[in-house]
Amino acid sequence: MDTRILITGGLGQLGSELSEELQRRYGDSNVMVTDIRQPAESVPDRFQILDARDGERLLEIVQAERITRIYHLAALLSAVAEDRPQDAWSINMGGLFNVLEIARSNGCSVFTPSSIGAFGPQTPKDFTPQDTLQRPTSMYGVTKVAGELLCDYYHHRYGVDTRGVRFPGIVSNATPPGGGTTDYAVDIYYAAVTDHHYTCFLQGNTYLDMIYMPDAIKAAIDVMEADAERLRHRNAFNVTAMSFSPEDQAAYIRRYIPDFEIDYDVDPVRQALANSWPNTLEDYAARVEWDWSPDYDLDLMTADMLRTLSERQGRG
Ligand code: AKB
């Protein structure tokens, strides 16, 4: 039987690139992209408008398209969730509940991204273990922990094949992220190429985990393809590729753009979020249970980001 995939939040930072890779792997006609908003420019093949909170519409698409796997990416990120906590609960939890219910009654597997935001200030900050204390203090974190638990529940209670990873900040050069705390790590490369200068909204010594988009896509696909017999965990695998601070990132950018400068105008909301998250994750369970191993470190990512953005600027 073909794997027939539905993606929610498919026009977002991860969705827009993941959907292309899923189409390459499983065939264009087997990947249905949905999002709450209309695409600004090019409409992806097989696109439909969908608010994941609309369970009836979601069910209609799943049945009409004979969907077997759902990548549920629709969610508000950390900073915007702090600004609109009621919406964050409704979107992040309401959408996930519909997806799980429909997966249960239609035999779909489900990928749900969790986040380093699922940890809190009492979590061990360095080499944060897979299984540890999770008492997040943000609405984003509350929805992420609740989501991890809900996905585990649907697996244990109903046998739904739910899987997921805890993503760190994702860096990419296609669709920009929006409303996250780790967005600075993307914005800095755009600013480096255009202005040789960046004003950062986090303090220079704030350490956070990050991952480059090709590795994030690999994680999202590999965990879903992993042999179920090997999985001891399911919905919240720590994955990371690197940990750095804005100062470190600026130093790496200077290897390629020597006159690059960084200064700071700290946003207290995003700084507080970052301070409550780990400095570095330990991702041993993902490595042992489904052979997770990233390809990009900070230097390789910086070289690739700057080359891609410079080429694009040259063409523009
Ligand atoms: C955010 O900053 O909100 C996200 C995340 C770490 O989950 N990128």
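**Exercise 1. Describe the second largest pocket of this predicted model: its volume, its lining and the elements that supply the lining.**

Step 1. The second largest pocket has a volume of about 610 Å³.

Step 2. Its lining consists of 24 residues. Nearest the centre of this pocket lie Leu11, Ser16, Glu20, Ser42 and Thr175.

Step 3. Two elements, H1 and helix H7 (213–225), each give two or more residues to this lining. H1 contributes the most, with eight residues.

Step 4. Sorted by class, the lining of the second largest pocket has nine nonpolar, six polar and nine charged residues.

**Exercise 2. Do the same for the largest pocket, and state which domains supply its lining.**

Step 1. The space in the largest pocket is about 930 Å³.

Step 2. Its lining has 44 residues, and those nearest the centre are Gln13, Leu73, Ala75, Leu77 and Gly178.

Step 3. Two or more lining residues come from each of helix H1 (13–26), strand S2 (31–35), helix H3 (78–83), strand S6 (114–115), helix H5 (139–158) and strand S9 (169–171). H1 gives the most, here with three residues.

Step 4. The class count for this lining is 22 nonpolar, 16 polar and six charged residues.

Step 5. Domain 1 (5–168 + 211–238) and domain 2 (170–210 + 242–278 + 296–312) each give at least three residues to the lining of the largest pocket.

Step 6. H1 is thus the top contributor to the lining of the largest pocket and also to that of the second largest pocket.

**Exercise 3. Work out the strand order of the open six-stranded sheet, and find the bridge partner of Leu6 in S4.**

Step 1. Strands of a sheet pair through backbone hydrogen bonds, either parallel or antiparallel. In this sheet the pairing is parallel, and the order is S3-S2-S1-S4-S5-S7.

Step 2. The ends of that order are the edge strands, S3 (47–49) and S7 (162–163), each of which pairs on one side only.

Step 3. Within the sheet, strand S1 (residues 5–8) runs parallel to strand S4 (residues 69–72), and four bridges join them.

Step 4. Leu6 has Ile70 of S4 as its bridge partner.

**Exercise 4. Which residues of helix H6 are buried, and what phi does His196 take just after the helix?**

Step 1. Helix H6 covers residues 184–195. The cut-off for buried is under 20% relative accessible area.

Step 2. By that cut-off, Tyr184, Ala185, Val186, Ile188, Tyr189, Ala191, Ala192 and Val193 are buried.

Step 3. Just after H6, the phi of His196 is positive, at about 60°.

Terms used: Residues are numbered from 1 along each chain as its sequence is written. This is a predicted model: local features need pLDDT of at least 70, side-chain atom pairs count only at pLDDT 80 or more; totals for chains, interfaces and linings use all residues. Side-chain values use heavy atoms; hydrogens and water are left out. Buried means under 20% relative accessible area, exposed over 50%, partly exposed in between (1.4 Å probe, protein chains only). Two strands pair if DSSP finds at least two bridges between them. On a 1 Å grid over the protein atoms alone, a cavity is a set of points where a 1.4 Å probe fits but cannot get out, and a pocket is an open set with protein on both sides within 12 Å along at least five of seven lines; lining residues have an atom within 4 Å of a point. Grid points are joined across faces, edges and corners, and a volume is the space filled by probe spheres set on the points. Ala, Val, Leu, Ile, Met, Phe, Trp, Tyr, Cys and Pro count as nonpolar, Asp, Glu, Lys and Arg as charged, and the others, Gly among them, as polar. Domain bounds come from an automatic or database domain assignment.
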